[in-house]
Amino acid sequence: MSANQATLVLVKPDGLKKSLTGNILTRLSETKLEIVAAKIVRVSKELAVEHYAHLKNQPFFDELITYLMGELHDRKKVMAVVYWGEDAINKVRKLAGATNPEEADPVSIRGAYGRITTKGVYENVIHASSNEAEAKREIQLWFQPQDIIVDLYPAQEVAEKEVLRKVWVN
Ligand code: ADP
């Protein structure tokens, strides 16, 4: 039996535009993993570049950044979810399917909902962390400790001075 792991899932802009969020979360619930954090994010160029830093020398990198930022779709947003539980990384990767949506198992999420555009962009609907080191790096990139309801990684409290924060006006 393997230990509990955390993994990051992103519903990419094509998934949101195609109204697939519900379908994707339903598929992922088959894993019986627990959602411990979730949010909708407007992705800056910096965040997209950092997330895919390992691919910066690939010919498709610029297009990939544009895709993650939502510039190829009307929906400039991504849904970020942290799943937690036993063998989480493999369970989610298996349901996600292969990177290339045309080669992915047809019943996987990418196989069922993904496509390659005529321009060659892999619109593969979701991102799923590939190993524990990447999961940690990605979760720490997309979330702050207080956004997550379990203590995944060591964190410390710091006193913040004069941080501007929006609050509700009633
Ligand atoms: P994965 O997302 O399955 O972990 P990678 O980390 O290799 O795969 O790639 C990250 C993302 O880059 C993919 O999900 C896909 O959106 C895009 N991508 C990967 N390979 C290609 C390719 N050959 N052409 C276009 N886009 C690609």
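A pocket is an open set of grid points with protein on both sides within 12 Å along at least five of seven lines. The structure described here is a predicted model, and this report considers its pockets and its charged side chains.

**Pockets**

The largest pocket has a volume of about 460 Å³. Its lining comprises 21 residues, and those nearest the centre are Tyr52, Leu55, Phe60, Leu64 and Thr99. Three elements each supply at least two lining residues: helix 4 (61–68), strand 6 (126–128) and helix 7 (132–142). Helix 4 gives the largest share of this lining, with 3 residues. By class, the lining of the largest pocket has 8 nonpolar, 6 polar and 7 charged residues.

The second largest pocket has a volume of about 230 Å³. Among the residues that line it are Ile139, Phe143, Pro145, Asp151 and Tyr153. Its lining has 9 nonpolar, 2 polar and 1 charged residues.

**Salt bridges**

Side chains of opposite charge can pair when their charged atoms come close. In the whole structure, a search finds 5 salt bridges. The table presents three of them, including the distance from N to O.

| Acidic residue | Basic residue | Distance, N to O |
|---|---|---|
| Aspartate 74 | Lysine 17 | 3.5 Å |
| Glutamate 30 | Arginine 27 | 2.9 Å |
| Aspartate 147 | Lysine 39 | 3.7 Å |

Aspartate 74 and lysine 17 meet in a salt bridge, and this pair links distant parts of the chain, 57 residues apart. Aspartate 74 belongs to the loop between helix 4 and strand 3 (78–86), whereas lysine 17 belongs to helix 1 (residues 13–17). Aspartate 74 counts as exposed because its relative accessibility is 60%, and exposed means over 50%. Lysine 17, at 37% relative accessibility, counts as partly exposed.

In the pair of glutamate 30 and arginine 27, glutamate 30 has a relative accessibility of 48% and therefore counts as partly exposed.

The salt bridge between aspartate 147 and lysine 39 also joins distant parts of the chain, 108 residues apart. Aspartate 147 lies in the segment after helix 7, and lysine 39 lies in strand 2 (residues 34–41). Aspartate 147 is partly exposed at 32% relative accessibility; lysine 39 is partly exposed as well, with a relative accessible area of 29%.

**Aromatic rings**

Lysine 39, a partner of aspartate 147 in a salt bridge, has a further contact: its charged end sits over the ring of phenylalanine 143, 4.8 Å from the ring centre. Phe143 is also one of the residues lining the second largest pocket. As for pairs between rings, the structure holds 0 aromatic pairs.

Definitions and conventions
Residues numbered from 1 in each chain as written. Predicted model: local features only at pLDDT ≥ 70, side-chain atom pairs only at ≥ 80, totals over all residues. Heavy atoms only, no water. 1 Å grid on protein atoms, 1.4 Å probe; cavity = no way out; pocket = protein on both sides within 12 Å on 5 of 7 lines; lining within 4 Å. Points joined across faces, edges and corners; volume = space filled by probe spheres on them. Helix = DSSP H or I, 4+ residues; strand = E, 2+ residues; numbered from the N terminus. Nonpolar A, V, L, I, M, F, W, Y, C, P; charged D, E, K, R; others polar. Phe/Tyr/Trp six-rings, centres within 6.5 Å; stacked < 30°, edge-to-face > 60°. Lys NZ or Arg CZ within 6 Å of the ring centre and 35° of its normal. Salt bridge = Lys/Arg side-chain N within 4 Å of Asp/Glu carboxyl O. Buried < 20%, exposed > 50% of the residue type's maximum accessible area, 1.4 Å probe, protein only.
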